[in-house]
Amino acid sequence: MVSPLMMRQDAALWTPLESERLTVRRPVAGDRASAIEIHVDPATNAHHPAPESVTEESSAARFDAMLQHWNRYGFGVWAVAERSRPTEVIGFTGVTHRVVHGRDALNLYYRYRPSAWGKGFALEGAKLAVAQSVELLPGLPVTAYTTPDNGGSLKTAQKAGLVRAPQLDEVHEGYTDVYLTLGW
């Protein structure tokens, strides 16, 4: 059986999309500054196991990887804006390819400006990403991973339809990644 990831997706099916309050689209080079700003913000790294490793350079590399993922697979992490202010990027969310315990999977990702927190935007974006994944790549499980102390991230993934999967947890030197999944 050929993995659905071996067949590039039609990006037009993945972007742009709208939910009740959000618009999501494929990121472009002009989103680099927003991506770096969001990723280096100390508040967005409160649960990062090595926050000192998050630099402007590593954040730029993460953004470049987002763009490359879109080029390779035809889907990926979206730039997110409020529908009422479509030019102001408030965060990034979507799914990317990830191999989890030797199995192709989709990784649910969300990172938003602290000014966007507490408004349900991460959950709204996560639900949109999960729905698109289930519809367009039904053969792949959706996973999310975080640290055990990141209650906000755990809650968002669970409310988006994922369930804890302790059998997938990974222990690293100094921290643990806990997994949630849909379709494992």
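This is a walk through the structure above, stop by stop, with something to select at each one.

Before you click, note that this is a predicted model: local features need pLDDT of at least 70, side-chain atom pairs count only at pLDDT 80 or more, and totals for chains, interfaces and linings use all residues. Residues are numbered from 1 along each chain as its sequence is written, and side-chain values use heavy atoms, with hydrogens and water left out.

**Stop 1: helix α2**

Select residues 56-73, which make up helix α2. Helices here (H or I, at least four residues) and strands (E, at least two) are DSSP runs, numbered from the N terminus. Does the length add up, and what should 18 residues span? The expected span is 1.5 Å times one less than the number of residues. For α2 that should be 26 Å, and the end C-alpha atoms are 26 Å apart, which agrees.

Now colour S59, A60, F63, M66, H69, W70 and Y73, the buried residues of α2. Buried means under 20% relative accessible area, exposed over 50%, and partly exposed in between (1.4 Å probe, protein chains only). An α-helix has 3.6 residues a turn, so residues three or four places apart point the same way. Among the elements covering the buried residues of α2 are α1 (32-40), β3 (77-82), β4 (85-100) and β5 (103-112).

Zoom in on S59, which counts as buried because its relative accessibility is 2%. Setting aside neighbours within four places in sequence, S59 is in contact with I36, H39, V40 and V54; contact means heavy atoms within 4.5 Å.

Hop over to α1 and pick out its own buried residues: S34, A35, I36, I38 and H39. Their cover includes α2, β4 and β5.

**Stop 2: G74**

Go to G74, just after α2, and you will find a positive phi of about 85 degrees. This glycine is in the loop between α2 and β3, and counts as buried because its relative accessibility is 0%. Beyond its neighbours within four places in sequence, G74 is in contact with R8, Q9, D10, A11, W14 and H69. Draw a distance from G74 to W14: they are 60 residues apart along the chain, but their C-alpha atoms are separated by 7.9 Å.

**Stop 3: backbone oddities**

Most residues other than glycine have a negative phi, and most peptide bonds are trans. Two places to check against that:

- Select T15 and P16: the peptide bond from T15 to P16 is cis, with omega near -10 degrees. P16 sits in the segment before β1.
- Select H101: this residue is not a glycine, yet has a positive phi of about 50 degrees. H101 lies in the loop between β4 and β5, and is partly exposed because its relative accessible area is 48%.

While you are by β1, look at S19, in the loop between β1 (17-18) and β2 (22-25). Is S19 buried or exposed? S19 counts as buried, at 15% relative accessibility. Its contacts, leaving out neighbours within four places in sequence, are R83, E124 and L128.

**Stop 4: the nonpolar cores**

Show W14, W78, L108, Y112 and L162 as sticks: within the largest nonpolar core, of 34 residues, these have the most contacts. A nonpolar core is a set of buried Ala, Val, Leu, Ile, Met, Phe, Trp, Tyr and Cys residues joined through side-chain atoms within 4.5 Å. The largest share of this core, seven residues, comes from α3.

Centre on L108 and, not counting residues up to four places away in sequence, you will see it touch G94, V95, A126, A129, V130, V142, T143, A144 and L162. There is also a second, separate core of nine residues, including A35, V77, V89 and F92.

Staying with helix α3, click V134. V134 counts as partly exposed because its relative accessibility is 45%. The C-alpha atoms of V134 and G183 are separated by 8.9 Å, with their positions 49 residues apart along the chain.

**Stop 5: the largest pocket**

Finish with Y109, Y110, R111, N150 and S153, the residues nearest the centre of the largest pocket, out of 43 that line it. On a 1 Å grid over the protein atoms alone, a pocket is an open set of points where a 1.4 Å probe fits, with protein on both sides within 12 Å along at least five of seven lines; lining residues have an atom within 4 Å of a point. By class, the lining has 19 nonpolar, 16 polar and eight charged residues.

Technical notes: Ala, Val, Leu, Ile, Met, Phe, Trp, Tyr, Cys and Pro count as nonpolar, Asp, Glu, Lys and Arg as charged, and the others, Gly among them, as polar.
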